[in-house]
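Visitor: I've never looked at this one before. Could you walk me through it, one question at a time?

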Amino acid sequence: MVDVVVAGAGVVGVATAYAMARRGLSVALVDRNRGPALGASYANGAQLSYAYSDALGSPSLIKKLPSLAMGADPLFHLKGALDPGLIDWGLRFLAASTTAAHNASTLATLKLGLESQRAMHALLERHPIAFAHAVAGKMHLYFDPESLASAAKTVALKRRHGAVQQVLTAAEAIVIEPALGAAKGLVGVVYSPEDEVGDPHRFSEQLIEVLRRDYGVRTLFNVDVQDAEFAADAVTLVGTAGARVTGRTLVVALGIEAKGFLARQGVRVPLLPMKGYSFTASAGPRAPRVSITDTARKLVFCQLGGKIRVAGVAELGSRDLRVDPQRLAALVATARESLPGAADYSGIAGGWAGLRPMTPSSVPIIARPRERLIVNVGHGMLGWTLAMGSAERAADLLLGAGQF
């Protein structure tokens with residue numbers, strides 16, 4: 001029997017295993033895939049957006065919802081509109097979209113993001129693993145004065161709580177990132193100079209090797225978790241093909257799959273999948289060095305190991321992992337429109353899709369809902385960014401429970 005069984009080896013689960021093992025606990029890590037980070041962590045936007053913690057729900061987005069629901073945005077789609085789970089989530093989302101709630105969620109996520117940044121740097125000082133990591137900085141592009149002014153208010157709020165951000169004019173931004181000279185109609189940007197990039201899949205692979213070699217972490221792949229059996233002093237994770245792993249505590253880091261698994265344990269979590277797409281291409285003649293988020297087109301660009309990763313599309317409620325050729329084509333066309341010289345758009349071999357586990361407030365759920373159970377889920381579009389800080393909080397929550 002180990003001290004901790006971690007269910008889910010996405011980037012959040014792998015980081016959680018590290019946080020537990022680093023504190024001297026014995027750990028088993030279980031996942032249904034053949035290796036780590038092959039789900040939502042595999043080919044996401046790759047940005048470590050520590051300073052950009054803005055909650056999805058806001059008054060401005062609520063105003064746009066009717067047009068979005070009618071298909072006005074080719075990169076946003078609503079699935080299962082009559083699904084009771086979606087209706088419940090949607091009502092919670094509306095409640096989380098007031099100005100006060102948006103600001104509270106944004107600051108809560110910022111605090112966790114800054115914790116993640118410190119935890120990542122501490123990890124790399126101890127274990128200098130390679131995963132195309134760079135402090136590239138990040139720019140959010142705005143194309144109308146009203147949106148930029150609204151963003152400036154949020155920047156002012158976050159700067160009072162530790163964020164390193166500033167608002168730049170288009171001319172000032174182009175001096176730092178010349179590739180933005182091709183961004184037509186650019187009004188200004190929010191610049192986060194300390195934000196970073198890195199390959200989450202490669203990170204997870206490298207950290208798994210460290211966990212096995214230096215901390216004795218046991219990994220069980222190709223095991224699809226089905227249920228859990230709780231006793232007074234232990235919990236047994238039950239998987240396919242008769243697999244059983246027993247530990248003193250179970251940590252659930254299963255992404256969107258956590259909702260169904262936890263429901264079988266009598267624990268309800270408000271999660272909804274948001275399907276996103278990405279493609280990775282050769283860098284173009286005007287590839288940006290700084291990570292870019294085009295707020296109008298809702299897509300991101302970043303350099304990753306000499307390539308360009310572009311991610312976007314939001315299919316709220318979709319549970320289909322297949323890459324829709326039309327959605328991918330729309331992403332490529334929109335990226336080309338945004339930054340035509342950023343990538344070799346003619347040489348794209350294929351794309352990727354993953355399901356982001358969204359909470360209504362955009363704040364992850366890190367909790368201990370019952371004895372010997374810790375939940376670390378709901379990181380939405382910021383799973384890579386928030387993984388390390390969430391793992392530290394989960395470990396502190398466990399040790400604070402006085403079980404060890």
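Visitor: Leaving aside neighbours within four places in sequence, which residues is Lys 275 in contact with?
Guide: Keep in mind that this is a predicted model. Lys 275 has its place in strand S13, residues 272-282. Leaving aside its neighbours within four places in sequence, the residues in contact with Lys 275 are Val 313, Ala 314, Glu 315, Ser 318, Asp 320, Leu 321, Arg 322, Ala 353, Gly 354, Leu 355 and Arg 356.

Visitor: Does Lys 275 count as buried or exposed?
Guide: The cut-off helps here: buried means under 20% relative accessible area. Lys 275 has 2% relative accessibility, so the verdict is buried.

Visitor: Which residue has its backbone oxygen 2.5 Å from a polar atom of the Lys 275 side chain?
Guide: Don't pick Arg 319: that residue is 44 residues from Lys 275 in sequence and 7.3 Å away in space, C-alpha to C-alpha. The backbone oxygen lying 2.5 Å from a polar atom of the Lys 275 side chain belongs to Arg 322.

Visitor: Let's zoom out. How does the radius of gyration of the chain compare with the globule rule, and what is its value?
Guide: The chain has 10 helices and 19 strands. For 404 residues the globule rule gives 22 Å, and the chain comes close to that, so it is as compact as a globular protein of that length. Its C-alpha trace spans about 60 × 45 × 45 Å along the principal axes. The radius of gyration itself is 21 Å.

Visitor: Among contacts between residues at least 6 apart in sequence, what share join residues at least 24 apart?
Guide: For some background, buried residues make up 56% of the 404 residues in the chain. Now take the contacts between residues at least 6 apart in sequence: the share joining residues at least 24 apart is 76%.

Visitor: Which element gives the largest share of the largest nonpolar core?
Guide: That core has 40 residues, and Met 20, Met 120, Phe 203 and Leu 207 touch the most other members. Strand S1 (2-7), H1, strand S2 (27-30), helix H4 (99-126), H7 and helix H10 (383-400) each supply at least two of its residues. The largest share is nine residues, and they come from H1.

Visitor: How many residues are in the second, separate core?
Guide: Look for Leu 180, Leu 186, Val 189 and Ile 292, which this second core includes. Its residue count is 30.

Visitor: Which residues does Met 120 touch, not counting those up to four places away in sequence?
Guide: Met 120 is one of the residues that touch the most other members of the largest core. Three of its partners turn up elsewhere too, as ring pairs link Phe 131, Phe 203 and Trp 384 into a cluster. The full set touched by Met 120 is Tyr 50, Phe 131, Phe 203, Trp 384 and Met 388.

Visitor: What kind of ring pair do Tyr 18 and Tyr 215 make?
Guide: Counting ring pairs with centres within 6.5 Å, there are six aromatic pairs. Tyr 18 is in helix H1 (residues 11-22) and Tyr 215 in helix H7 (residues 200-215), so their pair ties together parts 197 residues apart in sequence. Planes over 60 degrees apart count as edge-to-face. The two rings have centres 5.9 Å apart and planes at 90°, so the pair is edge-to-face.

Visitor: Is Tyr 215 buried or partly exposed?
Guide: Its partner Tyr 18 is buried, with a relative accessible area of 2%. Tyr 215 has a relative accessible area of 22%, which makes that residue partly exposed.

Visitor: Over which ring does the charged end of Arg 370 sit?
Guide: There's another arginine to look at here: the charged end of Arg 297 sits over the ring of Phe 143, 5.3 Å from its centre. For Arg 370, the charged end is 3.9 Å from the centre of the ring of Phe 230.

Visitor: Which residue's backbone oxygen does the side chain of Thr 359 reach?
Guide: Thr 359 is in the loop between strand S17 (352-358) and strand S18 (365-370). At 3% relative accessibility, Thr 359 counts as buried. Its side chain reaches, at 3.0 Å, the backbone oxygen of Val 363.

Note on methods: Residues numbered from 1 in each chain as written. Predicted model: local features only at pLDDT ≥ 70, side-chain atom pairs only at ≥ 80, totals over all residues. Heavy atoms only, no water. Phe/Tyr/Trp six-rings, centres within 6.5 Å; stacked < 30°, edge-to-face > 60°. Helix = DSSP H or I, 4+ residues; strand = E, 2+ residues; numbered from the N terminus. Buried < 20%, exposed > 50% of the residue type's maximum accessible area, 1.4 Å probe, protein only. Lys NZ or Arg CZ within 6 Å of the ring centre and 35° of its normal. Core = buried A, V, L, I, M, F, W, Y, C linked by side-chain atoms within 4.5 Å. Contact = heavy atoms within 4.5 Å. Polar contact = N/O pair within 3.5 Å; in protein donor to acceptor, adjacent residues only side chain to side chain. Rg over C-alpha atoms; globule rule 2.2 N^0.38 Å.
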